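Okay, thanks for making time, everyone. I'd like to walk you through a structure you probably haven't seen before, so let's put it up.

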Amino acid sequence: MSAGYGACPCRGRIVTRKHSESDKLREQLASLQAAVDARTADLAEAEARLQAERDLVDRLQAVGQRLTSQLDMDSLVQDATDAATHATGAAFGAFFYNVVNERGEAYTLYTLSGAPREAFSSFPMPRNTAVFGPTFAGEGVVRSDDITTDARYGQNAPYHGMPAGHLPLRSYLAVPVVSTTSREVLGGFFFGHPAPGQFTSRHEQLAVGIAGYAAIALDNARLFALHRNTAVELQRSMLPTIDPVPGFEIASKYLPAATGSEVGGDWLDVIGLPGRRTAFVMGDVMGRGVGAAAVMGQIRTAVRAYAALDLPPDEVLRHVSDLARTMPGHQFITCVYAVHDPVNSTLSYANAGHLPPAVVAPDGTVTFLQERLGLPLRIGTRFLQRQVDFPPGSGLALYTDGLVERRDRPVDDGIDELGHALRELATRPDSETDVACDKLIHQLTGGHYDDDVALLYVRNTHPDSVLAIQPLTASPHAAAEARRFVRNALTAWQLEHVTDQAITVATELISNAVRHTQAPLQLRLHHCHDRLVIDVSDRDGRVPRRREPVADIPGHRGLVLVEALAHRWGTRPISDGKIVWAELVVPAASPSDESS
Amino acid sequence: MDQTALIDVELDRGHLPAALVVRISGELDFGTTPKVLSVIEGEPPAGSSMIVDLSEVGFCDSSALGVLILVQQATETVGGRTFLAGAQRQVSSALRVTSLDQLFVMCADVDAALHEIRTA
């Protein structure tokens, strides 16, 4: 700038002298400007062209990313059709694709974009004609400025061209969709426009690009569906069918996750035990997929096997945990095992790290059995057992984390919400339990399962029952006292007609407890509906065996008598000994019995 | 309560040498059978039969059945037969379900048993 000040004093002179020069300069400038303008226009055009190229690539990229991230076939094909129809500037587009159902039958489905389904629903599927053939055979792209004047058009009966009522179509573009892995033709895109000459090579490029992405996405979706179906099928085949159990209203729900790639290892079970008792089981093998489902199947079977031995809940879990440690894999497994005993209306349970069972009292009060009773299976070596009252009218809810755990809600809040929902459920009549459970799941999950959801809800609908308990001593008179007790109880219950059987069975059971263990605990009589259960507990773990009596040798006849008089009998361990029980069928008293 | 009052065992030697009659009254189970065993130990004398009068026995368990088998064996050893007389409902039921009724001669009462011994 400083140089300019020096020129200032002589500015007037210069202006006058340079007038004609300035005209020249102006002309030069103008021509330069014109050149710049022309160059700018060229550049703008080039930029626009590059921009268009970039748009094309971007668009393809965006569509490709979107398509290949989808695994749901239906939404995937629709998205692909919409994207391709839009990208090619077609008036309407269709995607015909081949699917194979679970019975192995192949058939063709299609999606539409830019036209209502009715526009095509009255036409048969496109066949292997001169126009369509190259697409369905995967031979290559068919692009025509005016298909109606194309040599390949109108060659095939019965229509010899478009069927009547077809949308007006001149410009035609068809692109096959071919699997990149198997080279199998998965389907084809078809685009149309009523005006001729609409589809350029750029449109073709776009359509081919989208078809490529669609092929990858379809391959993925097919493989995914195959994989997932295998796991779902495996899991389903291992889940038991829950049969009705007299005295319970049972709702069992298992809903595989709607999102996520694979099934989980949740399971539930209801197992009938001797003495009209019932075991309820809920478990969860962490991890997903076929591996988790296979471990689940083994663990479920193990639980059933130990349940069949009629072991107490803590011992069932201990044995299963020991067994699980020998299985391959390292998933940890949670499980809760609860046994209902109608004799004293209780629920005995043990819990290997599973979410707390919820007990709903007849008045609707919900209690979560929160106490930690053991580590997950495989890790835990010792499990505690607890007992709660479970009178008729009570409910029990066992569930997996999918019900209460959501990304947007802490587990504790989920459990609170479950508590409220169970209180509401308790007010529903028994006949609505199943539907109410569906509603409860929907309410807690918002209808969207991040994880598998399993729920077992059991309501105790046992008819009223009566129980009488007599403590026993090891005295020689224990049985005589017990007989008096049994006679009194059966008289009070108006069951005199089974007194002979009952006192015989009770005496034999007590006789075994007194003579063989020296530590009898108590005698219980439980009457419910048409059954009378007599059981005797003692503090000795040894189990009685029925031995075949030898014709004229005394002894071994006690259990023969029990077996002859009882409908069935058995023994089961308890924490500090065992219970030997016998169940008598109690026919309704006949009028003659009542009058006597 | 005097628990020994639950059982009473009495030997009637009035029909010897044909038969020794054992009258039991009360309930027979593992607590009371030892008393029966102690009373009949060494019986019956050689050549006699044994009649067990069960008409006053309201209850018998498997240990009592065992005692009856011992009685039968002892009697057989001395060449006699064992009669069970007047078994009540629960008692005959226990004998029946264990098939022991085939091991003994079942009689309505002691007189019927004596009659059978004399006419044999």
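Let me start at one residue, Val505 in chain A. If we ignore its neighbours within four places in sequence, Val505(A) is in contact with Ile534(A), Val562(A), Leu565(A), Ala566(A), Ala582(A) and Leu584(A). Quick caution before I go on: what you're looking at is a predicted model.

So, what is Val505(A) part of? It's among the residues with the most contacts inside the largest nonpolar core, which has 75 residues. Ala502(A), Ala506(A), Leu509(A), Ile510(A) and Ile534(A) are on that list too, and so is Val52 from chain B. And which helix gives this core its largest share? That's α14 of chain A, residues 499–517, with eight residues. As a general point, nonpolar side chains tend to be buried together in soluble globular proteins. Apart from that core there's another one, of 62 residues, and Ala397(A), Leu425(A), Ala454(A) and Tyr457(A) are among them.

Okay, on to where the two chains touch. The contact takes 23 residues from chain A and 23 residues from chain B. On the chain B side, α2 (62–77) and α3 (89–97) each supply at least two residues. The largest share of that side comes from α2(B), with eight residues. And what's the mix on that side of chain B? You get nine nonpolar, ten polar and four charged residues.

While we're on chain B, here's how it's put together. Chain B has four helices and five strands, and along the sequence they run β-β-α-β-α-β-α-β-α. Of its 120 residues, 46% count as buried. And if you take the contacts in chain B with a separation of 6 or more, 72% of them are between residues 24 or more positions apart.

Last thing: how far does the confidence go in chain A? The mean pLDDT there is 85, and 91% of the residues reach 70 or more. Confidence is highest in strand β11, residues 358–360, at a mean of 97, and lowest in helix α16, residues 591–595, at 42. Two stretches of chain A stay under 50: residues 1–10 and residues 591–596. For residues 1–10, the model has zero contacts beyond four places in sequence, while for residues 591–596 it has three.

That's my tour, happy to take questions.

Methods. Residues are numbered from 1 along each chain as its sequence is written. Chains are lettered from A and ligands numbered from 1 in the order in which they are written. This is a predicted model: local features need pLDDT of at least 70, side-chain atom pairs count only at pLDDT 80 or more; totals for chains, interfaces and linings use all residues. pLDDT is the predictor's confidence in each residue, from 0 to 100. Two residues are in contact if their C-beta atoms, placed from the backbone, lie within 7 Å. Ala, Val, Leu, Ile, Met, Phe, Trp, Tyr, Cys and Pro count as nonpolar, Asp, Glu, Lys and Arg as charged, and the others, Gly among them, as polar. A residue is buried if 20 or more other C-beta atoms lie within 10 Å of its own, exposed if 12 or fewer, and partly exposed in between; C-beta atoms are placed from the backbone. A nonpolar core is a set of buried Ala, Val, Leu, Ile, Met, Phe, Trp, Tyr and Cys residues joined through C-beta atoms within 7 Å.
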